Amino acid sequence: MLVVVSDTHSTDGHRLANRTLEAVREADLVVHAGDFMRESVLDAFIAESESFLAVYGNNDGPEIRDRIPEARNFTYGGVEFAMTHTRRGGGTALSLFGRERGADAVIFGHSHRPTFDGTGAIPLLNPGSHAQPRGNRQAHAELEELPDGGLRGRLVTVDGDVFETFRVIPEEH
């Protein structure tokens, strides 16, 4: 399972709890779309995860920026993801970012609003924030491989309630 989190905004640890903590511990890969706030928070995520990738956010200082990139690509379950914290220009800019990087889908953070938008040229996934929802649900995303290719995904509250499901099917490049 791939678990996607973002926008921790913590000064004292990863703030993972309940289903989000379970999912991180069960995952084959955990990715974080930025805004840890402190280097110790990044280290706490690394300690909880078998395999961990991240990008930095606009609130991450030089100690984090020196360790992880602003943007990165990775592949999971045959799907090529491009990940960044945010891009000026909203969904259009995020789609362009994904296309420029040859991705099948884009993961991003920043808004703290858990969303999946599969209506545009490239699917966009924001897991929301598990720790500081700012008026939204506390959430993360979980994605699992489908037998015929692609991924089945869900947006999940910290308490384990699934409130949206989706699929990410790779394009033929």
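## A network of salt bridges

In this predicted model, a network of salt bridges links Arg-19, Glu-22, Glu-26, Glu-142, Glu-144, Arg-152 and Arg-154. One of the pairs to look at is Arg-152 with Glu-144, whose side chains meet in a salt bridge at 3.9 Å, N to O. Here the cut-off matters, because a salt bridge requires the side-chain nitrogen to be within 4 Å of the carboxyl oxygen. Arg-152 is partly exposed, with a relative accessible area of 36%, and Glu-144 is likewise partly exposed, with a value of 25%.

Such pairing has a general background: side chains of opposite charge can pair when their charged atoms come close. By the rule used here, the count for the model comes to 11 salt bridges.

## Arg-67 and its two partners

Which side chains meet that of Arg-67 in salt bridges? One of them is Glu-39, at 3.0 Å from N to O. Arg-67 lies in the loop between helix H3 (62-65) and strand S4 (71-76), whereas Glu-39 lies in helix H2, so this pair ties together parts that are 28 residues apart in sequence.

Asp-43 also meets Arg-67 in a salt bridge, this time at 2.8 Å from N to O. Because Asp-43 lies in helix H2 and Arg-67 in the loop between H3 and S4, the pair ties together parts that are 24 residues apart in sequence. As for their surroundings, Arg-67 is partly exposed at a relative accessible area of 38%, Glu-39 counts as partly exposed at 28%, and Asp-43 counts as partly exposed at 35%.

## The six-stranded sheet

Six strands form an open sheet in the order S3-S2-S1-S9-S10-S11, and their pairing is mixed. Strand S3 (52-54) and strand S11 (162-168) stand at the edges with a single partner strand each, so one side of each is left without a neighbour in the sheet. On average, and with direction ignored, neighbouring strands of this sheet are turned by 20° against each other.

In general, the strands of a sheet pair through backbone hydrogen bonds, either parallel or antiparallel. In this sheet, S1 and S2 run parallel and are joined by four bridges; as an example of residues facing one another across two strands, Val-4 has Val-31 in S2 as its bridge partner.

## Helix H1 against the sheet

Helix H1 lies across S1, S2, S9 and S10, and runs at about 35° to S9. Which residues of H1 are buried? They are Arg-19, Thr-20, Leu-21, Ala-23 and Val-24, and what covers them includes S1, strand S2 (29-32), helix H2 (39-48), strand S9 (139-145) and strand S10 (151-157). Arg-19 therefore appears in two parts of this report, being a buried residue of H1 and a member of the salt-bridge network, with buried meaning under 20% relative accessible area.

## His-9 and the annotated domain

Is His-9, which lies in the loop between strand S1 (2-5) and helix H1 (18-26), buried or exposed? At 10% relative accessibility, His-9 counts as buried. Apart from its neighbours within four places in sequence, His-9 is in contact with Arg-15, Asp-35, Phe-36, Met-37, Asn-59, His-112, Gln-132 and Arg-134. With His-112 there is also a polar contact between the two side chains, at 3.2 Å.

An unreviewed UniProt entry carries the annotation "domain: Calcineurin-like phosphoesterase", which covers residues 2-139. Over those residues, the chain is 25% helix and 24% strand, and the end C-alpha atoms are 14 Å apart.

Conventions. Residues are numbered from 1 along each chain as its sequence is written. This is a predicted model: local features need pLDDT of at least 70, side-chain atom pairs count only at pLDDT 80 or more; totals for chains, interfaces and linings use all residues. Side-chain values use heavy atoms; hydrogens and water are left out. Buried means under 20% relative accessible area, exposed over 50%, partly exposed in between (1.4 Å probe, protein chains only). A polar contact is a pair of N or O atoms within 3.5 Å; within protein, one must be able to donate a hydrogen and the other to accept it, and residues adjacent in sequence count only if both atoms are side-chain atoms. Contact means heavy atoms within 4.5 Å. UniProt positions are given in the numbering used here, feature names are shortened, and annotations may be inferred rather than shown by experiment. Two strands pair if DSSP finds at least two bridges between them. Axes are lines fitted to C-alpha atoms, for helices over the stretch in contact, and angles run from 0 to 180 degrees between N-to-C directions.
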